[in-house]
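Student: Could we go through this structure together, one question at a time? I am new to it and would like to see how each answer is reached.

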Amino acid sequence: MALSSSSSLAISSLTAPAFLDRGSKLTVQFATSNVVSFKLKRSFPLFIPSAGSSVHTTGLITELDSVTSYSEIVPDTVIFDDFQRFPPTAATVSSSLLLGICSLPDTAFRGAVDNALSDRECYDSESSDARMSCFVNKALVNVGVDLAKLVPGRVSTEVDARLAYDTNRIVKKVHDLLKLYSELEVPPERLLFKIPSTWQGIEASRLLESEGIRTHMTFAYSFCQVAAAAQAGASVIQIFVGRLRDWARNHSGDPEVEASLQRGEDPGLALVTKAYNYIHKYGHKSKLMAAAIRNKQDVFNILGVDYIITPLKILQSLQESVTPPDEKYSYVKRLSPQSASAYSFSKEELVKWDQYNFESAMGPASVELLTAGLEGYADQAKRVEELFGKIWPPPNV
């Protein structure tokens, strides 16, 4: 899955978050908030960069070569053609991706959607709502199965954002999707399920992870979301750096954002740093993913974080910039287990997070950005249902 925040189909080249490990790379993504990206190293790592390293062909060290020695760089692209330029290693299946596939009738993935819409089991559903839910589940999984054949890493499947405040329904949805994947012989270790970082979503993550089902928490905009998700055992936690920065430029009144600004820090980068240090200092298993990267300096400032979702234009700039021999060791790994051990947290930040503490700690920035993200995902899910309603039944059914 590559991760992104627009709304088109994307393919990239890195590792798969909690899907893969450091080694090879691959990314398939749709939109900036829904990504299909993956990386491959040993068994099933997370995301990794595979953006055409030049070191073996030219003998020169590029900035991309340098930064990928510290973090997994995940290309954030929006066109199918990028499979040729950036072979993917992991992928994300989402409503946004389904919309893109349906807008491109000649794509290889269109058959996966048509097969879902002609499925007899869905056709025999008792109600129109049940039938539509069946169609969408089967379409997501059919596409996910096709992607699993193309990428060596994990395939992350988006859970309907309209379920974000209902733990039981999130868990049921994941179980339903996992059952469909199992019927098509895709094992659980190849999968990840993308869930919004509401309190109910984090509780769902806790339950699913206890069953060995890997979760990918998205829309984390505050420390309490990250800490609670880490305590729940989430496999991947995703922070949108640029969106927090944008919010801070146009709003005020969020204590967490204000504190970072008073220290002279960018609020998005500060959250990534704090989140990384918390996860590593206290031994949580979660991998941290930084998205909504706006420039190369953002990349340089968080080197050491597990995954960095990088827009294509920044990726190209890194690839085209050669590191002079005397500077090739000048890049600083800003985040490391060693630096994490020296980071100090307040007593209030080290609580065992419960719903009351969590909701009390959510500031205006995280509330507004989470709400906006959920509304965008929910709108895409509704558009998929409307589209399926128009094209169902497909020809010859």
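**The disulfide and the buried parts**

Tutor: In this predicted model, a disulfide joins C122 to C134, with an S to S distance of 2.0 Å. Let us begin from there.

Student: How many disulfides does the structure hold, and which helices do C122 and C134 lie in?

Tutor: A disulfide is a covalent bond between the sulfur atoms of two cysteines. The structure holds 1 disulfide. Because C122 lies in one helix and C134 in another, the pair ties together parts that are 12 residues apart in sequence, and these helices are α6 (residues 120–123) for C122 and α7 for C134.

Student: Which hand does the link of C122 and C134 have, and are the two cysteines buried or exposed?

Tutor: The angle about the S-S bond is -70 degrees, which goes with a left-handed link between C122 and C134. As for their surroundings, C122 and C134 are both buried.

Student: Which residues touch the most other members of the largest nonpolar core, and which helix supplies the largest share of this core?

Tutor: In soluble globular proteins, nonpolar side chains tend to be buried together. Here the largest nonpolar core has 111 residues, and the two that touch the most other members are V143 and F388. The largest share of this core amounts to 11 residues, and it comes from helix α7 (residues 128–150).

Student: Which residues does F388 touch, leaving aside those up to four places away in sequence?

Tutor: With residues up to four places away in sequence left out, the contacts of F388 include M132, F135, V136 and A139. The others in the list for F388 are L98, C102, V113 and L117.

Student: C102 was just named, so how large is its relative accessible area, and how many residues of α4 are buried?

Tutor: C102 counts as buried because its relative accessible area, 14%, is under the 20% cut-off. The buried residues of α4 are S95, S96, L97, L98, L99, G100, I101 and C102. Helix α4 is therefore largely enclosed by the rest of the structure, with the number of buried residues being 8 of the 9.

Student: Where does S95 lie, and which residues does S95 touch?

Tutor: S95 lies in helix α4 (residues 95–103), and with a relative accessible area of 7% S95 is buried. Not counting residues up to four places away in sequence, S95 touches L140, E158, Q380, A381 and V384.

Student: How many residues of strand β4 are buried, and which residue of β11 is the bridge partner of P75?

Tutor: Strand β4 (residues 72–76) is mostly covered, since 5 of its 5 residues are buried. Both of its faces are covered, with E72, V74 and D76 on one side and I73 and P75 on the other. Strand β4 runs parallel to strand β11 (residues 307–311), and 5 bridges join the two. Within β11, the bridge partner of P75 is T310.

Student: Which loop holds S321, and with which side chain does the side chain of S321 make a polar contact?

Tutor: S321 is found in the loop between α15 (312–320) and α16 (337–341), and S321 is buried, with a relative accessible area of 19%. Leaving aside residues up to four places away in sequence, S321 touches I61, T62, E63 and K296. The polar contact of the S321 side chain, at 3.4 Å, is with the side chain of K296.

Student: What phi values do E185 and F219 have, and is each residue buried or exposed?

Tutor: Most residues other than glycine have a negative phi, and most peptide bonds are trans. E185, in the loop between α8 (167–183) and β7 (191–196), has a positive phi of about 65 degrees, and at 71% relative accessibility E185 counts as exposed. F219, in strand β8 (residues 215–220), has a positive phi near 60 degrees, and at 0% relative accessibility F219 counts as buried.

Student: To finish with the whole chain, how many helices and strands does the chain have, and what percentage of its residues is buried?

Tutor: The chain has 18 helices and 11 strands. Among contacts between residues at least 6 apart in sequence, 73% join residues at least 24 apart. Of the 397 residues in the chain, the buried ones make up 59%.

Notes. Residues are numbered from 1 along each chain as its sequence is written. This is a predicted model: local features need pLDDT of at least 70, side-chain atom pairs count only at pLDDT 80 or more; totals for chains, interfaces and linings use all residues. Side-chain values use heavy atoms; hydrogens and water are left out. A nonpolar core is a set of buried Ala, Val, Leu, Ile, Met, Phe, Trp, Tyr and Cys residues joined through side-chain atoms within 4.5 Å. Buried means under 20% relative accessible area, exposed over 50%, partly exposed in between (1.4 Å probe, protein chains only). Helices (H or I, at least four residues) and strands (E, at least two) are DSSP runs, numbered from the N terminus. Contact means heavy atoms within 4.5 Å. A polar contact is a pair of N or O atoms within 3.5 Å; within protein, one must be able to donate a hydrogen and the other to accept it, and residues adjacent in sequence count only if both atoms are side-chain atoms. Two strands pair if DSSP finds at least two bridges between them. A disulfide is a pair of cysteine sulfur atoms within 2.5 Å.
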